[in-house]
Amino acid sequence: MIAMPTLVANTGPGSQPVTLGPVLSIFDPVHIGIDEFGQPVRVPLIYRNMLIGGEPGSGKSALLNAIVAHAALSLDCKLILLDGKRVELGQWRRCAEAGAFVGPNMDQARKLLTRLQTMMDNRYTFLEECERRKVIPGDAFTPYLVAIDEIAYFSATVGKKQDREEFAALLRDLVARGRAVGIIVIAATQRPSSDIIPTSLRDLFAWRFAGRCTSHSSSDIVLGHGWAQQGWTANSISPTNPGVGLLIAEGGTPQLVKSAYLDDATCAAIARYAATLRNTVNQQAATTPADPAGGVSAA
Ligand SMILES: Nc1ncnc2c1ncn2[C@@H]1O[C@H](COP(=O)(O)OP(=O)(O)O)[C@@H](O)[C@H]1O
Ligand SMILES: [Mg+2]
């Protein structure tokens, strides 16, 4: 948890100001569920990305929501949300940066990723000038969590071929280069096929979570080639047990995890609280200097 000044929200004329509770940090490991022994599974996400694959109904959006919840409560992290279905991440809309919640709109999605790419380049220039290699807690610029529900929607389904290719190239660049400058990409796909997730892209994700997959090869596309043959296949997960998946870190071995589940009402409550925290911080910080390397909302 990070040290934050006490946050006091003014709830309106005639009401007493309310002191707000503690917040999280994106530099803390993120609780994503429990392992086979019931022990908590926490994954460090800063300087890393996560790929979430699995058939429809396997629990991808639920896991994405659990991660976004942590990020929303982390006031040292800004949120960018791309949601082809609009309702999967929609509850976090008020926690996202201005203009950084994109629904099923290819044009907006491309523009947003292009702005992120520009910001990433600016941040690298800034780090280079400071003779540093990565962002650190309390840095001049804030990490961003970029959550994408259904990569294939933008990279293979809607819009013109050229736009889809541009989206895929932008995403790959963010995943490849964003880590050191605090851009964390968490991307879900219900089509773990080699056209959506080529090996070269898959290997850029430090964390990979395979919910139930329809075949051994889909499972391998998420986890890495050869795991199914060694007995680690998300194809053997029961379709009646959503949220269960195999989690692997780069260089590691798969681990069976049951993801944490936030139902709609809980998500909505956390989102409201996180939005209040964020508004309060923004009001209190209105007079402090801007991000020297530029934020996406200002770009
Ligand atoms: N960790 C979990 N624990 C319990 N139920 C879950 C969990 N994850 C998902 N579910 C159930 O499965 C349903 C489908 O999950 P969802 O995340 O929407 O799947 P996907 O995005 O892969 O299509 C949810 O509506 C919920 O009822
Ligand atoms: Mg989903």
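The exercises below work through a predicted model, from the whole chain down to single residues.

Residues are numbered from 1 along each chain as its sequence is written, and chains are lettered from A and ligands numbered from 1 in the order in which they are written. Because the model is predicted, local features need pLDDT of at least 70 and side-chain atom pairs count only at pLDDT 80 or more, while totals for chains, interfaces and linings use all residues.

**Exercise 1. Describe the overall fold of the chain.**

Step 1. Take helices (H or I, at least four residues) and strands (E, at least two) as DSSP runs numbered from the N terminus. The chain then has 7 helices and 12 strands.

Step 2. Compare the radius of gyration, taken over C-alpha atoms, with the globule rule, 2.2 Å times the number of residues to the power 0.38. The chain gives 19 Å, close to the 19 Å of the rule for 299 residues, so it is as compact as a globular protein of that length.

Step 3. Along its principal axes, the C-alpha trace spans about 60 × 40 × 35 Å.

Step 4. Count two residues as in contact if their C-beta atoms, placed from the backbone, lie within 7 Å. Among contacts with a separation of 6 or more, 70% join residues 24 or more positions apart.

**Exercise 2. Locate the largest nonpolar core and the residues that touch the most other members.**

Step 1. Call a residue buried if 20 or more other C-beta atoms, placed from the backbone, lie within 10 Å of its own, exposed if 12 or fewer, and partly exposed in between. By this count 45% of the 299 residues are buried.

Step 2. A nonpolar core is a set of buried Ala, Val, Leu, Ile, Met, Phe, Trp, Tyr and Cys residues joined through C-beta atoms within 7 Å. The largest one holds 89 residues, and Val-68, Ala-72, Leu-79, Leu-81, Leu-145 and Val-146 touch the most other members. Helix α1 (residues 60-72) supplies the largest share of this core, 9 residues.

Step 3. For Val-68, set aside neighbours within four places in sequence; the contacts left are Leu-79, Leu-89, Trp-92 and Ala-147.

**Exercise 3. Characterise the shell around ligand 1 and relate it to the UniProt record.**

Step 1. A residue is near the ligand if its C-beta atom, placed from the backbone, lies within 6 Å of it. Of 14 such residues, Gly-59, Ser-61, Ala-62, Pro-242 and Gly-243 come nearest. Two or more residues each come from α1 and β12 (255-259), and α1 gives the most, with 3.

Step 2. The UniProt annotation "binding site", from an unreviewed entry, covers Gly-54, Glu-55, Pro-56, Gly-57, Ser-58, Gly-59, Lys-60 and Ser-61. UniProt positions are in the numbering used here, feature names are shortened, and annotations may be inferred rather than shown by experiment.

Step 3. Gly-59 lies in the loop between β5 and α1 and counts as buried, with 25 C-beta neighbours inside 10 Å. Beyond four places in sequence, Gly-59 contacts residues including Gly-211, Pro-242, Gly-243 and Ser-259.

Step 4. Ser-58 lies in the loop between β5 (50-53) and α1 and is buried, with 28 neighbours by the same count.

**Exercise 4. Decide whether Arg-86 and Glu-131, each with positive phi, are buried, partly exposed or exposed.**

Step 1. Arg-86 has phi near 75° and sits in the loop between β6 (78-83) and β7 (101-102). With 15 other C-beta atoms within 10 Å, Arg-86 is partly exposed.

Step 2. Glu-131 has phi near 55° and sits in the loop between α2 (106-129) and β8 (144-149). With 6 other C-beta atoms within 10 Å, Glu-131 is exposed.
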